[in-house]
Amino acid sequence: MRYVISALLAGAVALALVLHLAWLVRASRSRSLAALAADEASVRAVITDAANISDGTAGVVTWAGSWNGRRVQVRTIIDTLATRKLPTRWLSISITESVAVSGTFDMMMRPGSPTTFSNFDHLDHTLPKATGFPAEAVLRTDRETVGFPLDIIADHLDMFADGRAKELLITPNGVRIVWLLAESERARYGVFRQAEFGDSRFDPVLIERLLASASALRDAINHAERRAA
């Protein structure tokens with residue numbers, strides 16, 4: 001009889017554990033859907049015609065639309081590379097309009113481990129830093145012989161005074177700024193290996209500031225090119 005009772009108790013505990021885990025999964029899914037809706041509302045407060053164009057890549061959500069007559073993209077990326085101590089959530093803001101440069105210019109702040117949002121590590125040539133660039137920045141390009149307007153770029157790095165700005169990418173197809181939104185909650189990730197970011201919503205003011213910064217840099221580069229022509 002004792003063994004029967006023990007078996008029943010063990011079965012009850014196992015069932016309770018399964019039900020609890022199922023509840024956690026449902027609760028996590030509900031939080032994710034609510035967070036996505038909140039993020040989308042923030043994006044559309046600035047980019048009124050924003051459309052979700054995500055391709056299904058895990059941890060990546062992308063919106064595209066127009067802002068001040070410019071084609072733009074907003075993307076969030078959850079970076080869970082094993083080399084990181086904690087998963088990280090990034091906000092990527094892009095002006096997807098032509099820029100008068102002949103190659104790729106990539107400025108990464110405090111580069112260390114590889115990232116899921118950038119090809120910085122695959123660029124072969126490191127550029128010498130000009131006056132006005134942050135001490136922690138590393139500059140790379142894909143074409144060693146191409147010149148970039150470093151003085152103009154240095155004049156448009158106000159957003160990088162904040163330690164959350166991570167990358168500035170300039171290509172012939174546009175300008176991108178990547179911003180740190182949050183790191184995963186240490187306790188939950190340490191125990192459950194779940195990347196939870198708490199209240200890491202991005203507000204419309206931040207989106208607008210990043211768009212304005214990227215757009216101003218693009219305009220300055222193109223204006224200088226037209227004057228030199």
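# A nine-stranded sheet and its helix partner

Run a cavity search on this model and you get one cavity of 30 Å³ or more. Here a cavity is a set of points, on a 1 Å grid over the protein atoms alone, where a 1.4 Å probe fits but cannot get out. The model is a predicted one, so keep the filters in mind: local features need pLDDT of at least 70, side-chain atom pairs count only at pLDDT 80 or more, and totals for chains, interfaces and linings use all residues. Residues are numbered from 1 along each chain as its sequence is written, and side-chain values use heavy atoms, with hydrogens and water left out.

**The sheet**

- Nine strands make up an open sheet, in the order β1-β2-β3-β4-β9-β8-β5-β7-β6, and the pairing is antiparallel. Strands here are DSSP runs of E with at least two residues, helices are runs of H or I with at least four, and both are numbered from the N terminus. Two strands pair if DSSP finds at least two bridges between them.
- What holds paired strands together? Strands of a sheet pair through backbone hydrogen bonds, either parallel or antiparallel.
- At the edges sit β1 (51-52) and β6 (125-127), each pairing on one side only.
- Edge strand β6 is joined by three bridges to β7 (residues 137-141), and the two run antiparallel. One of the residues involved is His125, whose bridge partner in β7 is Thr141.

**Strand β9 and its neighbours**

- How many of the 10 residues in β9 are buried? Nine of them are, so this strand is mostly covered (buried means under 20% relative accessible area, exposed over 50%, partly exposed in between, with a 1.4 Å probe and protein chains only).
- With β4, strand β9 pairs in the antiparallel sense over eight bridges. Ile95 has Val175 of β9 as its bridge partner.
- With β8, strand β9 shares six bridges, again antiparallel. Ile170 has Val175 of β9 as its bridge partner.
- β8 and β9 also form a hairpin, with two residues between them.

**Helix α4 across the sheet**

- Helix α4 (residues 204-228) lies across β2 (60-67), β3 (70-79), β4 (88-95), β8 (165-171) and β9 (174-183). Its angle to β4 is about 45°, where axes are lines fitted to C-alpha atoms (for helices over the stretch in contact) and angles run from 0 to 180 degrees between N-to-C directions.
- Leu211 belongs to α4 and counts as buried, at 0% relative accessibility.
- Leaving aside neighbours within four places in sequence, Leu211 is in contact (heavy atoms within 4.5 Å) with Val46, Ile47, Trp67, Val72, Ile93, Ser94 and Ile95.
- The C-alpha atoms of Leu211 and Val175 are 9.5 Å apart, though the two residues are separated by 36 residues along the chain.
- Ser94, in strand β4, is buried too, at 11% relative accessibility. Not counting residues up to four places away in sequence, Ser94 touches Arg71, Val72, Gln73, Val175, Arg176 and Leu211.

**Salt bridges**

- Side chains of opposite charge can pair when their charged atoms come close. The rule used here asks for a side-chain nitrogen of Lys or Arg within 4 Å of a carboxyl oxygen of Asp or Glu, and the count comes to six salt bridges.
- Glu40 and Arg44 meet in one of them, at 3.2 Å from N to O. Both lie in helix α1 (residues 2-46), four residues apart, about one turn of the helix. Glu40 is buried at 19%, while Arg44 is partly exposed at 38%.
- Arg70 and Asp219 meet in another, at 3.1 Å from N to O. This pair links distant parts of the chain, with Arg70 in strand β3 and Asp219 in helix α4, 149 residues apart. Asp219 is partly exposed, at 30%.
- Glu167 and Arg176 form a salt bridge whose closest N and O atoms are 2.7 Å apart. Glu167 is buried at 0%, and Arg176 is buried at 16%.
- Salt bridges that share partners join Arg70, Arg218 and Asp219 into one network.

**The cavity**

- The largest cavity has a volume of about 50 Å³, where grid points are joined across faces, edges and corners, and volume is the space filled by probe spheres set on the points.
- Which residues line the largest cavity? Met108, Arg110, Pro111, Gly112, Ser113, Thr115, Ser118, Phe120, Asp121 and Lys166 do, a lining residue being one with an atom within 4 Å of a point.

Technical notes:
1 Å grid on protein atoms, 1.4 Å probe; cavity = no way out; pocket = protein on both sides within 12 Å on 5 of 7 lines; lining within 4 Å.
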